[in-house]
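Let's take a walk through a protein chain together. Have a look at the picture, and then we'll go through it piece by piece.

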Amino acid sequence: MPADFTESVVEDAALEWFRELGYTVLHGPDIAPDSTRPERAAYGDIILATRLTDALVRLNPDASLQAREEAFRRVGQLGSPSLVLANRDFHRWLVDGVSVEVLRDGEPRGELLHLIDFDGPANNDWLAVNQFTIVGETERRPDIVLFVNGLPLV
């Protein structure tokens, strides 16, 4: 193996591949909370809120503001104490949509909001971010995180 073959060579090649697939490619520090163009309020935030909010509007144009806010809240705060159950809920929401109940004209009504457009992939926001720092109990910096509509999926 050549001496100039480093981890960054692999990372750059992968980012170029994602770019060719249609992903927008950004550098994590450029969208960090303390950057000039932040896409999250804190390093502990893993969802890109504006991108998810925009997707909820774009993919669910007939949904009420209250329904979109409730879907966003649920996705952002998985309520299960079990990681297995939380992952199961999140998977169901990705595949089937988030079912919420809201008041419309004084009556409770159910609304189903989609997080991803599986029938029209071009309607989704595809983003690859390298060096995306996450600070929780420890600090992590994955080489590349793939987002769909602001949700970190890979």
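Which residues in α2 meet which residues in α3?

## Where two helices meet

On the α2 side you'll find A49, L52, T53, L56 and V57, and on the α3 side they meet R68, A71, F72 and V75. Sort the residues of this contact by character and you get seven nonpolar, one polar and one charged. Keep in mind that what you're looking at is a predicted model.

How do the two helices lie? The axes of α2 and α3 come within 10 Å and cross at roughly 135 degrees. An angle over 145 would count as roughly antiparallel, and 65 to 115 as roughly perpendicular. The pair α2 and α3 is therefore called oblique. As for its handedness, the crossing of α2 and α3 is right-handed.

## One face of α2

Now zoom in on α2, which covers residues 49-59. Its buried residues are R51, L52, A55, L56 and L59. If you look down the axis of α2, these buried residues fall within an arc of 135 degrees, so they line one face of the helix. Here's a handy bit of background: an α-helix has 3.6 residues a turn, so residues three or four places apart point the same way.

What do the buried residues of α2 pack against? Their partners are helix α3 (65-76) and the strands β1 (24-27), β3 (107-113), β4 (126-130) and β8 (151-152).

## Two loop residues to find

Start with S64, which sits in the loop between α2 and α3. Is S64 buried or exposed? With a relative accessible area of 15%, S64 is buried, because the cut-off for buried is under 20%. Setting aside its neighbours within four places in sequence, S64 is in contact with V102, R104 and E111.

Next up is H114, in the loop between β3 and β4. H114 has a relative accessible area of 33%, which makes it partly exposed. Again leaving out neighbours within four places in sequence, H114 is in contact with L56, L59, N60, D96 and G97. You've already met L56 and L59 among the buried residues of α2. H114 and V57 are 57 residues apart in sequence, but their C-alpha atoms are 9.8 Å apart in space.

## Positive phi angles

Which residues other than glycine have a positive phi? Q131 is one of them, with phi near 55 degrees, and you can find Q131 in the loop between β4 and β5 (134-135).

N149 also has a positive phi, near 55 degrees. Look for N149 in the loop between β7 (144-148) and β8. N149 is buried, with a relative accessible area of 0%.

## Stepping back

Time to zoom out. The chain has four helices and eight strands, and reading along the sequence gives the pattern α-β-α-α-α-β-β-β-β-β-β-β. Its C-alpha atoms fill a box of roughly 70 × 35 × 35 Å along the principal axes.

How much of the chain is buried? Of its 154 residues, 35% count as buried. And for contacts between residues at least 6 apart in sequence, 54% join residues at least 24 apart. The contact between H114 and L56 that you saw earlier links a loop to a helix.

Notes: Residues numbered from 1 in each chain as written. Predicted model: local features only at pLDDT ≥ 70, side-chain atom pairs only at ≥ 80, totals over all residues. Heavy atoms only, no water. Buried < 20%, exposed > 50% of the residue type's maximum accessible area, 1.4 Å probe, protein only. Arc of directions from axis to C-beta. Contact = heavy atoms within 4.5 Å. Axes fitted to C-alpha atoms, helices over the stretch in contact; angles between N-to-C directions. Parallel < 35°, antiparallel > 145°, perpendicular 65-115°, else oblique. Left-handed = near helix turned anticlockwise from the far one by under 90°. Nonpolar A, V, L, I, M, F, W, Y, C, P; charged D, E, K, R; others polar.
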